[in-house]
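The following paragraphs lead through a protein chain, beginning with a detail of its surface and then turning to the fold as a whole and to selected residues. Please keep the sequence and the model in view while reading.

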Amino acid sequence: IHLISFENCQITGTGFSTWNQSEKTSFYCNGSKLSDDGFAVACRSFSRMWNLDIANTDVGNDGVTSLAGQSPTMLRINNCKIDKTGINWIVENLPIQSLELAPSQMTESEVRQL
């Protein structure tokens with residue numbers, strides 16, 4: 001499995017607890033009901049998250065820290081519950097190449113200060 005996509009659906013992510021995938025996996029859940037708990041489960045089940053789209057979900061700072069030890073290439077977090085503290089955690093702890101944010105989460109001047 002190289003791509004999990006459950007965009008615009010009612011999936012919260014907790015059902016991934018029975019999955020175990022160690023290959024690089026892209027994870028797209030834009031507009032789903034993904035929660036912090038569900039994202040933590042997914043991060044344990046897919047230990048090599050690659051491209052992530054958690055935009056328009058309920059994932060917040062607690063959920064994003066579940067990526068600790070992973071090396072995602074791209075992370076899109078527009079319009080979710082991750083605030084400046086979570087964004088700083090991402091920048092300081094993940095070797096991410098592309099981070100896409102909504103201006104409502106962090107202004108351009110705040111991004112330059114990172």
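In which helix is Val111 found? In this predicted model, Val111 belongs to helix α4, which comprises residues 108-112. Val111 is partly exposed, its relative accessible area being 37%. Together with Val91 and Leu114, Val111 makes a nonpolar patch of about 210 Å² on the surface.

The view may now be widened to the chain. It contains 4 helices and 5 strands, and read from the N terminus these elements follow the order β-β-α-β-α-β-α-β-α. Along the principal axes, the C-alpha atoms occupy a box of roughly 40 × 25 × 20 Å. The radius of gyration is 13 Å, in agreement with the value near 13 Å that a compact globule of 114 residues would have. Of the 114 residues, 44% are buried. The accessible surface amounts to about 6,000 Å², and carbon and sulfur atoms account for 45% of that area. As for the contacts between residues at least 6 apart in sequence, 44% of them join residues at least 24 apart.

Helix α1 merits separate attention. Why can α1 be described as largely enclosed by the rest of the structure? The helix spans residues 36-45, and 7 of its 10 residues are buried, so the description follows from that count. The buried residues are Gly38, Phe39, Ala40, Val41, Ala42, Cys43 and Ser45. Their cover includes strand β2, strand β3 (49-53) and helix α2 (61-64).

Two of these buried residues, Ala40 and Cys43, lead on to Ser66. Ser66 lies in the loop between α2 and β4, the latter being residues 74-76. Leaving aside neighbours within four places in sequence, Ser66 is in contact with Ala40 and Cys43. Ser66 itself is partly exposed, at a relative accessible area of 24%; this value is not under 20%, and therefore Ser66 does not count as buried. A separation of 35 residues in sequence lies between Ser66 and Leu101, whose C-alpha atoms are 19 Å apart in space.

Another of the buried residues of α1, Ser45, leads to Gln21. This glutamine is placed in the loop that connects β1 (3-5) with β2 (25-28). Is Gln21 buried or exposed? With a relative accessible area of 13%, Gln21 is buried. Not counting residues up to four places away in sequence, Gln21 touches Ile1, Ser45, Phe46 and Ser47. With Ile1 there is also a specific atomic approach: the Gln21 side chain reaches the backbone oxygen of Ile1 at 3.2 Å.

The last position to be considered is Ala102, in the loop between β5 (98-100) and α4, the helix that holds Val111. Ala102 is buried, with a relative accessible area of 7%. How far apart in space are Ala102 and Asn78? Although 24 residues separate them in sequence, their C-alpha atoms are 4.6 Å apart. When residues up to four places away in sequence are not counted, Ala102 touches Asn78 and Asn79.

How values were computed. Residues numbered from 1 in each chain as written. Predicted model: local features only at pLDDT ≥ 70, side-chain atom pairs only at ≥ 80, totals over all residues. Heavy atoms only, no water. Patch = residues over 30% accessible without salt bridge, like charges linked within 9 Å, V, L, I, M, F, W, Y side chains within 5 Å. Areas by Shrake-Rupley, 256 points an atom, 1.4 Å probe, with all protein chains shown as cover. Salt bridge = Lys/Arg side-chain N within 4 Å of Asp/Glu carboxyl O. Helix = DSSP H or I, 4+ residues; strand = E, 2+ residues; numbered from the N terminus. Buried < 20%, exposed > 50% of the residue type's maximum accessible area, 1.4 Å probe, protein only. Rg over C-alpha atoms; globule rule 2.2 N^0.38 Å. Contact = heavy atoms within 4.5 Å. Polar contact = N/O pair within 3.5 Å; in protein donor to acceptor, adjacent residues only side chain to side chain.
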